[in-house]
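Let's take a walk through a protein model and see how its pieces fit together. Keep the picture beside you as you read.

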Amino acid sequence: MPGYPLIGAHLSTTKGLAAMVHTAVEIGAACIQMFTASPQQWRDKLYAPADVEAFRAALAETGIGPVASHESYLINLASSDPALLEKSRAAFVQEIARCGVLGLPIVIVHWGSYKGSTLEEGLARLAESLNLLIPPAENAGVQIVLETTAGQGSYLGGEFSQFPRLFEMVTLQERLGVCLDTCHVYAAGYDLTTDEGYARTWAEFDHLIGLDRLRAMHLNDTEKLLASHADRHCNIGKGLLGADTFTRLLHDPRLRDVPKYLETPGGDEGYAADLALLRELAG
Ligand SMILES: [Zn+2]
Ligand SMILES: [Zn+2]
């Protein structure tokens with residue numbers, strides 16, 4: 001797909017994996033993010049070999065990809081509750097295995113919450129989780145990618161300065177990737193809406209995290225104010241980031257090859273409209 005920006009969306013797997021790939025083609029998505037199991041349940045999911053084969057064939061036939069996994073919402077790899085921490089790590093091992101079966105190259109993870117302890121202790125627990133999980137992830141051929149968050153309450157990952165603090169406790173830290181969510185960073189206080197704020201945000205990102213770690217982006221407009229620490233996605237151009245912010249992003253040569261996934265409302269129709277607008281802004 002020459003000249004086609006690498007933008008896609010978080011799609012549903014309910015109609016089956018191959019059907020999801022064909023939906024991507026229909027709505028104009030070049031890449032896909034998905035859940036490999038229900039994000040609200042701890043249960044593992046087994047894929048029939050025939051379905052996996054049909055999925056891989058559909059990807060090869062259409063050229064859609066990369067397909068990213070987004071971890072379950074229940075997982076908290078920084079939890080101060082030993083039982084929940086244990087359960088989260090075990091569920092993540094299953095997540096890694098499913099990514100391996102499906103051939104997904106990246107899994108996008110949230111930092112989790114340090115509730116019930118200090119921020120520093122939360123970072124240390126997350127680092128310990130990553131030290132346990134990076135080797136099996138590598139064996140399965142999937143890279144762990146940490147998502148920037150809105151930094152609400154006791155949730156880690158809102159400030160870029162937390163990345164180097166975490167990295168220094170992770171043995172194989174060079175194996176970690178990062179996903180920047182436009183809605184989340186704005187909520188965390190990074191203003192992408194002005195030329196100056198945009199330049200400052202990426203300079204800080206590069207200095208503290210490293211642009212070479214950027215493996216994915218979530219393109220979401222937002223209903224919530226700068227530095228509100230509130231996470232409310234809305235359709236592209238309909239929120240406080242506005243169309244101009246996405247035009248700026250889509251013309252940034254540093255971000256050209258980074259897969260960008262929408263997580264905006266309105267189902268497949270909402271995605272189709274957002275993707276059409278983004279392609280126009282990129283043109
Ligand atoms: Zn996320
Ligand atoms: Zn969000």
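Strand 3 and strand 4 run parallel and are joined by 3 bridges (strands pair here if DSSP finds at least two bridges between them). Within that pairing, H70 stands opposite I108 in strand 4. To get from strand 3 to strand 4, the chain crosses through helix 3, and this β-α-β crossover is right-handed. Right-handed has a precise sense: with the strands pointing away from you, the path from the first strand over the helix to the second runs clockwise. Helices (H or I, at least four residues) and strands (E, at least two) are DSSP runs, numbered from the N terminus.

A word on what you're looking at: this is a predicted model, where local features need pLDDT of at least 70, side-chain atom pairs count only at pLDDT 80 or more, and totals for chains, interfaces and linings use all residues. Residues are numbered from 1 along each chain as its sequence is written, while chains are lettered from A and ligands numbered from 1 in the order in which they are written.

Now for the other neighbour of strand 3. Strand 2 (residues 32-34) also runs parallel to strand 3, again with 3 bridges, and M34 stands opposite S69. Strand 2, helix 2 (residues 49-62) and strand 3 make a right-handed β-α-β unit. Is strand 3 buried or exposed on its two faces? Both are covered: V67 and S69 are buried on one side, A68 and H70 on the other. (Buried means that 20 or more other C-beta atoms lie within 10 Å of a residue's own, exposed means 12 or fewer, and partly exposed is in between; C-beta atoms are placed from the backbone.)

Back to helix 3, residues 82-102. At 1.5 Å a residue, its 21 residues should span 30 Å, and its end C-alpha atoms are indeed 30 Å apart; the expected span is 1.5 Å times one less than the number of residues. Its buried residues are L85, S88, A91, F92, E95, I96, R98 and C99. Seen down the helix axis, they fall within an arc of 160°, so they line one face of helix 3. That arc is taken from the directions from the helix axis to the C-beta atoms. Why can one face work like this? An α-helix has 3.6 residues a turn, so residues three or four places apart point the same way. On the face turned away from the buried side, helix 3 carries the exposed residues P82, A83 and E86. Just after helix 3, G103 takes a positive phi of about 75°.

Helix 8 (residues 242-250) has a buried set too: T245, F246 and L249. Those residues fall within an arc of 95° seen down the axis, so they line one face of helix 8.

Here is what the buried residues of each helix pack against, with contact meaning C-beta atoms, placed from the backbone, within 7 Å:

| Helix | Packs against |
|---|---|
| Helix 3 (82-102) | strand 3 (67-70), strand 4 (106-109), helix 4 (119-140) |
| Helix 8 (242-250) | strand 7 (214-219), helix 9 (267-282) |

Finally, two single residues. S129 sits in helix 4 and counts as buried because it has 23 C-beta neighbours inside 10 Å. Leaving aside neighbours within four places in sequence, S129 is in contact with L77 and R89. R256 lies in the loop between helix 8 and strand 10 (260-262), and it counts as exposed because it has 11 C-beta neighbours inside 10 Å.

Conventions: Contact = placed C-beta atoms within 7 Å.
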